[in-house]
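Hi everyone, thanks for coming along. I'll put a structure up on the screen, and then we can walk through it together.

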Amino acid sequence: ASFTVVDDPRGNTLGRGSRVTLHLKEDAHDYLSEDKLKESAKKYSQFIQFPIYVKVKKEVDVEAEEDDDDDDKEHEEEKKDDVETKDEEEKDEEEEKKPKKKTVFEWEQVNTQKAIWLRAKEDVTEEEYNEFYKSISKDYLDPLAYTHFNAEGE
């Protein structure tokens, strides 16, 4: 295993931050799945303060947002005209309208948990203390004891 650090030949495309690009071997394609990538990022960045984002693929209803505006107008018209035949017409229109799915790529923050030492003692569970100990010490056993305190200094 080796790595290299190089300047981006395209220039400063990020503005701020770092981009990590992984080149995988043929037999490591399971790491390309979104879930495996999120799991790995969570595991190794669980107790750090810097946000880590993963680009995820989501499907969004396109017409759902536009329909909301139309529905408001229809409800206003219904209030003006109390005719029962409109209910049947609306049902027919709803059946005809099929929401279209649009694929959107969004950045999702993986490590949303606040660092354990920045939280109040009452907000941290024993399981979180144990996970923190195991991640720092690389030990598989739970700690024998732990303490939580706040300190300020210069």
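Let's start with helix 4, which is made of 12 residues. From its first C-alpha to its last, helix 4 reaches 16 Å, close to the 16 Å you would expect at 1.5 Å a residue. Please keep in mind that this is a predicted model.

Which residues of helix 4 are buried? Among them are E128, Y129 and N130.

Now let's step off the end of the helix. Helix 4 covers residues 126-137, and K138 sits in the segment after it. Is K138 buried or exposed? K138 counts as exposed because its relative accessibility is 66%, and the cut-off for exposed is over 50%.

There is something else to spot here. K138, just after helix 4, takes a positive phi of about 60°. Why point that out? Most residues other than glycine have a negative phi. K138 is a residue other than glycine, yet its phi is positive.

Let's zoom out to the whole chain. How many helices and strands are there in the chain? The chain has 4 helices and 2 strands, and along the sequence they follow the pattern α-β-α-α-β-α.

What about burial overall? The chain has 154 residues, and 13% of them count as buried. Its accessible surface comes to about 14200 Å², with 49% of that belonging to carbon and sulfur atoms.

One last number, on contacts. Taking the contacts in the chain with a separation of 6 or more, 64% are between residues 24 or more positions apart.

That's my tour, so thanks for listening!

Key. Residues numbered from 1 in each chain as written. Predicted model: local features only at pLDDT ≥ 70, side-chain atom pairs only at ≥ 80, totals over all residues. Heavy atoms only, no water. Buried < 20%, exposed > 50% of the residue type's maximum accessible area, 1.4 Å probe, protein only. Contact = heavy atoms within 4.5 Å. Areas by Shrake-Rupley, 256 points an atom, 1.4 Å probe, with all protein chains shown as cover. Expected span 1.5 Å × (residues − 1).
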